[in-house]
Amino acid sequence: MLKKYVMLVEEINNEVVDVDMPTVFNMNDVVDTAKSGNSTLIEQLHQATKVGVFERQISMGKKTNGQEVIKETHICTPKKGRNVAKENIGLIFPTNDEMIAHLVSYHNENCEQTGMQEVSLDELKALYQAAQSERTL
């Protein structure tokens, strides 16, 4: 059963994000920080071309002896020269908007297990548009 997950922006506009202290977040964090007036995270998400999803699960099977298991999934948009098998990328979406829609769907499907609030894709889009409008003023 999924207990917790975090996300990490790994590429922005097809360029690898090179940071010593990466920003980990979930979709509630994206909405909450945007509502509080900090648009950094929502803007990074809308420029992201690769996002890592890290699932923390507890397996009660004999093989893992009840230890925590970390599952990592890379969700991205197409990129010339991307080696899908080597990078173990299971999900490639044609556009950033479709990738974000999948991340919202993933979040909402797991809300019952994680205890998080559901996120509205329309609200996320509206918050991003509002952040862009403020930048142009």
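**Surface, fold and charged pairs**

Reader: How much of the area that the chain exposes do carbon and sulfur atoms supply?
Author: Bear in mind that this is a predicted model. The chain exposes about 8,500 Å². Of that area, the share from carbon and sulfur atoms is 49%.

Reader: And what share of the residues is buried?
Author: The chain has 137 residues. To count as buried, a residue needs a relative accessible area under 20%. The share that makes the cut is 38%.

Reader: In what order do the elements run from the N terminus on?
Author: There are six helices and six strands to place. Three strands lead off, and three helices sit at the other end of the order. Written out in full, the order is β-β-β-α-α-β-β-α-β-α-α-α.

Reader: Among contacts between residues at least 6 apart in sequence, what share joins residues at least 24 apart?
Author: A contact here means heavy atoms within 4.5 Å. Take the contacts in the chain between residues at least 6 apart, and then pick out those joining residues at least 24 apart. That share comes to 56%.

Reader: Which residue forms a salt bridge with Glu11?
Author: The structure holds two salt bridges, so we can go through them one by one; the cut-off is a Lys or Arg side-chain nitrogen within 4 Å of an Asp or Glu carboxyl oxygen. For Glu11, the closest N and O atoms of the pair are 3.7 Å apart, and the partner is Lys79.

Reader: How far apart in the chain are those two, Glu11 and Lys79?
Author: Glu11 belongs to strand β1 (residues 2-12), while Lys79 lies in the loop between β5 (68-76) and α3 (84-87). Glu11 counts as buried, because its relative accessibility is 4%, whereas Lys79 is partly exposed at 31%. Along the chain, the pair's separation is 68 residues.

Reader: Which two helices does the salt bridge between Glu123 and Lys35 link?
Author: The closest N and O atoms of Glu123 and Lys35 are 3.0 Å apart. These partners sit 88 residues apart in the chain, so the bridge links distant parts of it: helix α6 (residues 121-136) and helix α1 (residues 27-35).

Reader: Is Lys35 buried or exposed?
Author: Its partner Glu123 is partly exposed, with a relative accessible area of 29%. For Lys35 the value is 51%, and the line for exposed is over 50%. So Lys35 is exposed.

Reader: How many disulfides does a search of the whole structure find?
Author: A disulfide would need a pair of cysteine sulfur atoms within 2.5 Å. As for cysteines, Cys76 is buried at 0% relative accessible area, and Cys111 also counts as buried, at 8%. The number of disulfides found is zero.

Definitions and conventions. Residues are numbered from 1 along each chain as its sequence is written. This is a predicted model: local features need pLDDT of at least 70, side-chain atom pairs count only at pLDDT 80 or more; totals for chains, interfaces and linings use all residues. Side-chain values use heavy atoms; hydrogens and water are left out. Helices (H or I, at least four residues) and strands (E, at least two) are DSSP runs, numbered from the N terminus. Buried means under 20% relative accessible area, exposed over 50%, partly exposed in between (1.4 Å probe, protein chains only). Accessible areas come from the Shrake-Rupley method with a 1.4 Å probe; for residues, only the protein chains shown count as cover.
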